[in-house]
Amino acid sequence: MVTNITNLGRSGLSDWLIQRVSAVILALYTLFIVAYLLFNPGLDYVTWSNLFAQTWMRIFSLLAFISLAAHAWVGLWTVTTDYLKSTPVRLGAQVIIILAVFVFLVWGIQVLWGA
């Protein structure tokens, strides 16, 4: 039997909802980026930089980063609880995953909002 020591008191419904909402946000972000690239065939650095200099795009990108982090955590938590039966191994893997997701999220925020 698997013990739920790292799910932080969430229910299956909240995990399901996080996965679905984050997937929709990521899909919308991906579609926007692909459409932007298709409609701007002569894209240069200045145009790309101007897009990401706009506050609405930074907020949209931040929302996508947070969605990616949440989606990855819920998905990987599910995989580790399903396939890693040893509690110490599962906990170690989940700690590494949490740290990696946190580092990537902070790094993405720094790139997005940094100087």
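**Close-ups of a predicted helical model**

**View 1. L51, a residue of helix α2.** This is a predicted model, and the tour starts at L51. With a relative accessible area of just 3%, L51 is buried, since anything under 20% gets that label. Leaving aside residues up to four places away in sequence, L51 touches F32, Y36, W56 and M57. Take Y36 from that list: it sits 15 residues from L51 along the chain, and the two C-alpha atoms are separated by 9.7 Å.

**View 2. Y36 and W48, a tilted aromatic pair.** Searching the whole structure turns up 7 aromatic pairs. In the one shown here, the ring centres of Y36 and W48 are 6.2 Å apart, with 55° between the planes. Why does this pair tie together parts that are 12 residues apart in sequence? Because Y36 belongs to helix α1 (residues 12–39) while W48 belongs to helix α2 (residues 45–53). As for cover, Y36 counts as buried at 17% relative accessibility, whereas W48 is partly exposed at 29%.

**View 3. W48 again, now paired with F52.** This pair is tilted too, with 5.0 Å centre to centre and 55° between the planes. Both W48 and F52 lie in helix α2, 4 residues apart, or about one turn of the helix. Zoom out and the ring pairs link up into a cluster made of Y29, F32, Y36, W48, F52, W56 and F60.

**View 4. Helix α1 and its buried residues.** First, a quick length check. The 28 residues of α1 should span 40 Å at 1.5 Å a residue, and the end C-alpha atoms are indeed 40 Å apart, so expectation and model agree. Which residues of α1 are buried? They are D15, Q19, S22, I25, L26, Y29, I33 and Y36. The cover over these buried residues of α1 includes α2 and α3.

**View 5. Helix α4 (residues 87–113), given the length check as well.** At 1.5 Å a residue, its 27 residues should span 39 Å; the end C-alpha atoms are 38 Å apart, so that agrees. In α4, the buried residues are R90, Q94, I97, V101, G108 and L112. What do they pack against? The buried residues of α4 pack against α2 and α3 (55–83).

**View 6. Two tryptophans, W73 in helix α3 and W107 in helix α4.** Is W73 buried or exposed? W73 is buried, with a relative accessible area of 13%. If you want a distance to check, try W73 and A100: they are 27 residues apart along the chain, and their C-alpha atoms are separated by 10.0 Å. W107 is another story: at 53% relative accessibility, W107 counts as exposed, as the cut-off for that label is over 50%.

**View 7. A nonpolar patch on the surface, with W107 among its members.** Joining W107 in this patch are F102, V103, F104, V106 and V111. Together, the patch residues have about 660 Å² of accessible area. Keep the buried residues of α4 in mind here, including V101, G108 and L112, while W107 in the patch is exposed.

Conventions:
Residues numbered from 1 in each chain as written. Predicted model: local features only at pLDDT ≥ 70, side-chain atom pairs only at ≥ 80, totals over all residues. Heavy atoms only, no water. Phe/Tyr/Trp six-rings, centres within 6.5 Å; stacked < 30°, edge-to-face > 60°. Buried < 20%, exposed > 50% of the residue type's maximum accessible area, 1.4 Å probe, protein only. Expected span 1.5 Å × (residues − 1). Contact = heavy atoms within 4.5 Å. Patch = residues over 30% accessible without salt bridge, like charges linked within 9 Å, V, L, I, M, F, W, Y side chains within 5 Å. Areas by Shrake-Rupley, 256 points an atom, 1.4 Å probe, with all protein chains shown as cover. Salt bridge = Lys/Arg side-chain N within 4 Å of Asp/Glu carboxyl O.
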